[in-house]
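User: I've got this fold open and want to know what stands behind the labels people put on it. Could you take me through the reasoning?

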Amino acid sequence: MLRGFLDYQRATLAMKCEGLTDEQLRLRSMPPSTLTLLGLVRHMAEVERTWFRRVIGAEDIPLVWSDDFDFQVAYDARNSTRSEAFDAWRSEVEHARRIEQDAESLDVTGHQARWGEDVSLRLVMLHLLHEYARHNGHADFLREGIDGVVGA
């Protein structure tokens with residue numbers, strides 16, 4: 001059930017970006033915000049990478065776009081392209097799926113250093129559901145502002 005809902009949220013983000021040019025994907029929401037659809041895709045690549053690979057998989061790897069673990073860097077999509085952002089995002093989603101599917105159970109734990117505690121795969125999946133749902137709400141408004149398309 002968790003996998004199904006998480007995949008639905010992932011698909012929703014991708015759907016919100018369908019049919020748009022790179023330029024449209026880089027359009028900002030409203031000043032002073034720098035939020036863009038492409039920035040959201042880049043951010044979610046970082047989120048997938050951090051929670052599944054770094055926390056559950058205990059991989060010692062940097063973020064995709066920041067060596068300083070600054071998640072805000074991913075939002076800056078001024079020079080990004082659809083292929084750059086989506087290739088990174090899809091790669092991280094595939095890594096996440098493998099980690100989740102290979103896990104013995106949802107009770108497998110990893111260490112979340114920022115929180116200073118161990119967390120279960122179940123919590124990670126729930127956290128990702130929350131993160132995607134929140135950002136998909138942002139994506140709804142961004143897409144509507146670009147071309148009037150609404151809904152999931």
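User: Why is Ser91 called partly exposed?

Analyst: Keep in mind that this is a predicted model. Ser91 has a relative accessible area of 34%. Buried would need under 20% and exposed over 50%, so with 34% Ser91 lands in between and counts as partly exposed. Ser91 sits in helix H4, and its C-alpha is 8.2 Å from that of Ala45, although 46 residues separate the two along the chain.

User: What makes H1 and H4 roughly antiparallel?

Analyst: Their axes cross at roughly 175° and come within 13 Å. Anything over 145 degrees counts as roughly antiparallel, so H1 and H4 get that label. On the H1 side, the contact includes Arg3, Asp7 and Arg10; on the H4 side, Phe86, Trp89 and Val93 are among the partners.

User: And how do you know what to call the H1 and H5 pair?

Analyst: Same kind of check. H1 and H5 pack at an angle of about 25°, with axes 9 Å apart. The limit for roughly parallel is under 35 degrees, so H1 is roughly parallel to H5. As for handedness, the H1 and H5 crossing is left-handed. Residues making this contact include Leu6, Leu13 and Lys16 of H1, along with Leu129, Tyr132 and Asn136 of H5.

User: Which residues of H1 are buried?

Analyst: Leu6, Gln9, Arg10, Thr12, Leu13, Lys16 and Cys17. Each of them therefore falls under the 20% relative accessible area that buried requires.

User: What puts those residues on the same side of H1?

Analyst: The arc they cover around the axis is only 150°, which places them on the same side of H1. The cover over these buried residues includes H2 (22-25), H3 (37-56), H4 (82-102) and H5 (121-147).

User: How do you know the length of H1 is close to what's expected?

Analyst: H1 covers residues 2-17, which is 16 residues, and reaches 23 Å from its first C-alpha to its last. At 1.5 Å a residue you'd expect 22 Å, so the two are close. Right after H1 comes Gly19, with a positive phi near 80°.

User: What span does H5 have, and what is expected?

Analyst: H5 has 27 residues and reaches 38 Å, against an expected 39 Å, so H5 also comes out close to expectation. Gly148 follows H5, and its phi is positive, near 85°.

Notes:
Residues numbered from 1 in each chain as written. Predicted model: local features only at pLDDT ≥ 70, side-chain atom pairs only at ≥ 80, totals over all residues. Heavy atoms only, no water. Helix = DSSP H or I, 4+ residues; strand = E, 2+ residues; numbered from the N terminus. Buried < 20%, exposed > 50% of the residue type's maximum accessible area, 1.4 Å probe, protein only. Arc of directions from axis to C-beta. Contact = heavy atoms within 4.5 Å. Axes fitted to C-alpha atoms, helices over the stretch in contact; angles between N-to-C directions. Parallel < 35°, antiparallel > 145°, perpendicular 65-115°, else oblique. Left-handed = near helix turned anticlockwise from the far one by under 90°.
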